[in-house]
Amino acid sequence: MLQEQVIYRVLTAALETGADFAEIFAEDKTSGRLEMVGGTLESSLSGRDYGVGIRILQENFSVYAYTNDSSEQNLIATARSAAAAIRGGAAGSQVMDLRRTVIDNRHVIGIMPDSSQKKRNIELMRRAHTVASGYDSSIAQTKIYATNQLQNVLIANTEGLLVQDTRVYTRLGISAVAEDGDQKQSGFSGPGSYAGHEFLESLDIEDHARTASRIAVTMVKAGYAPSGRLPVIIDNGFGGVLFHEACGHGLESTAVAPGSSVFAGKIGEQVASPLVTAVDDGTIANAWGSLNIDDEGATTQRNVLIENGILKGYLIDRMGSRRMGVPSTGSGRRQSYKFAPASRMNNTFICNGASTREEIIANTEYGIYAKSMGGGSVNTATSDFNFAVQEAYIIRNGKIAEPVKGATLIGKGIDCLSKIDMVGNNLEHGQGMCGSVSGSLPVNCGQPTIRVSEMTVGGRKGE
């Protein structure tokens with residue numbers, strides 16, 4: 001993507017005003033997206049994004065600049081413009097000899113995405129529409145999308161790193177809307193993978209379509225959720241988004257280093273129930289949130305965050321490493337060359353416990369069963385969160401009873417962790433896009449079925 005001599009000269013220019021480190025991130029990305037509404041193809045988009053980002057560090061001060069003009073003259077000018085913000089005086093560190101590193105590829109790609117697959121993708125989307133729309137007469141609309149992305153990156157820095165990688169992502173999203181009088185409810189299923197076209201071919205598309213429609217139909221006919229302090233069972237898979245948002249972001253060095261996380265300074269302390277072990281793992285083969293290397297060129301790894309309730313570690317990028325005095329965990333990520341990297345999650349999950357889902361439900365006299373989670377918000381400084389439940393049911397006498405809509409889960413992540421009193425043995429992962437300071441990124445959120453002994457549930461009082 002860039003010649004080594006050009007990389008060397010650009011990095012040298014970046015150090016001219018006294019910086020102690022400089023880095024180049026070059027990206028060449030192609031993407032495609034098909035959208036279908038009501039069985040009709042509404043849009044077919046494809047694009048290519050190419051550019052180079054240059055980051056310069058002086059101790060804990062950082063400057064970032066980017067350009068889509070990769071000529072040597074422009075890159076050197078961009079580096080010097082960014083370096084002008086560094087007040088180190090004379091030229092700083094020297095660029096070490098670049099050493100090209102060959103990475104260990106963990107992800108087998110069967111069929112690389114290309115435009116020739118468009119017709120087949122439309123066929124698969126129409127199958128999803130047919131099943132979803134035919135699920136029940138109350139289904140008023142379906143929306144299906146299929147996306148693919150092929151990203152080539154080159155990362156080089158003044159410590160001599162020179163590495164390239166290719167990343168491939170594929171996802172299918174199915175949304176269904178059900179109507180009952182003036183009531184509307186939606187359901188969604190969105191499987192994704194670090195994989196090529198073979199991923200779409202391997203999916204049980206009919207099952208995902210039925211899932212989206214089942215949620216919509218069940219919820220549109222449901223009564224309203226009660227409110228109050230109740231036991232809450234959160235199902236496996238994307239139920240892990242609660243941990244991801246309410247706790248995971250607070251374990252990123254972006255929040256920990258400046259002390260703006262409730263988890264700052266708590267290594268070695270009990271922060272969760274002894275039943276809870278939580279991990280962020282960027283190495284899982286073909287998982288939606290995995291990478292061979294992070295966007296700073298560091299090898300991704302399996303990072304134990306919480307073990308048997310004890311806080312064991314944080315997610316650290318290069319800047320976090322500098323500020324906290326600990327090694328990088330391979331957690332520096334960015335959406336594209338237009339963003340400086342920051343510490344981010346990959347595949348974050350609560351590990352398996354000893355109970356079955358059936359045992360957890362049977363041991364709950366009364367409460368809420370959150371079968372499918374929706375969106376929410378969190379304050380990382382306090383771990384306060386508020387999450388909508390996409391599909392919920394009452395638990396009564398140890399059994400799943402009637403469905404309820406409008407449920408929200410409210411609380412503090414650190415309090416919620418301490419009140420997990422049952423953990424299932426059915427770990428699964430769900431896929432999502434996570435937004436933060438370095439852009440929107442593919443992540444897995446996972447967990448087995450868990451029970452929180454008491455949470456604030458927002459609903460309709462007295463229902």
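UniProt positions follow the numbering used here, feature names are shortened, and an annotation may be inferred rather than shown by experiment.

**Figure 1. The N-terminal annotated span, residues 22-85, in the predicted model.** The UniProt record, an unreviewed entry, gives these residues as "domain: Metalloprotease TldD/E N-terminal". Strand accounts for 66% of the span and helix for 19%. Its end C-alpha atoms are 13 Å apart.

**Figure 2. The central annotated span, residues 118-219.** The label "domain: Metalloprotease TldD/E central" comes from the same kind of record, a UniProt entry that is unreviewed. Here the chain is 47% strand and 35% helix. Between the end C-alpha atoms of residues 118-219 the distance is 34 Å.

**Figure 3. The C-terminal annotated span, residues 227-459.** In the unreviewed UniProt entry these residues carry the name "domain: Metalloprotease TldD/E C-terminal". The end C-alpha atoms of the span lie 4 Å apart. Strand makes up 42% of residues 227-459, and helix makes up 13%.

**Figure 4. Surroundings of Y50 in strand 2.** Strand 2 runs over residues 40-58 and includes Y50. Is Y50 buried, partly exposed or exposed? Buried means under 20% relative accessible area and exposed means over 50%; Y50 has a relative accessibility of 22%, so it counts as partly exposed. Leaving aside residues up to four places away in sequence, Y50 touches M1, L2, E27, D28, N68, S70 and Y337. D136 is 86 residues from Y50 in sequence, and the C-alpha atoms of the two are 45 Å apart in space.

**Figure 5. E59, in the loop between strand 2 and strand 3.** Strand 3 covers residues 61-67. E59 has a phi near 55°, which is a positive value in a residue other than glycine. The relative accessible area of E59 is 55%, and the residue is therefore classed as exposed.

**Figure 6. N286, in the loop between strand 11 and strand 12.** Strand 11 spans 278-281 and strand 12 spans 302-307. N286 is not a glycine, and its phi is positive, near 60°. With a relative accessible area of 22%, N286 is partly exposed.

**Figure 7. Helix 6, residues 241-248.** How many of the eight residues of helix 6 are buried? Eight of the eight are buried, so the helix is largely enclosed by the rest of the structure. The buried residues are V241, L242, F243, H244, E245, A246, C247 and G248.

**Figure 8. The whole chain, for orientation.** The chain holds 10 helices and 24 strands. Its C-alpha trace spans about 75 × 55 × 35 Å along the principal axes. A compact globule of 463 residues would have a radius of gyration near 23 Å, and the 24 Å of the chain agrees with this. Of the 463 residues, 53% are buried. Among contacts between residues at least 6 apart in sequence, 75% join residues at least 24 apart. About 18400 Å² of the chain is accessible surface, and carbon and sulfur atoms contribute 48% of that area. There are 43 positive and 49 negative side chains, and 2 Å separates the centres of the two sets.

Notes. Residues are numbered from 1 along each chain as its sequence is written. This is a predicted model: local features need pLDDT of at least 70, side-chain atom pairs count only at pLDDT 80 or more; totals for chains, interfaces and linings use all residues. Side-chain values use heavy atoms; hydrogens and water are left out. Helices (H or I, at least four residues) and strands (E, at least two) are DSSP runs, numbered from the N terminus. The radius of gyration is taken over C-alpha atoms; the globule rule is 2.2 Å times the number of residues to the power 0.38. Buried means under 20% relative accessible area, exposed over 50%, partly exposed in between (1.4 Å probe, protein chains only). Contact means heavy atoms within 4.5 Å. Accessible areas come from the Shrake-Rupley method with a 1.4 Å probe; for residues, only the protein chains shown count as cover. Lys and Arg count as positive and Asp and Glu as negative; His and the chain ends are not counted. The place of a charge is taken as NZ of Lys, CZ of Arg, CG of Asp or CD of Glu.
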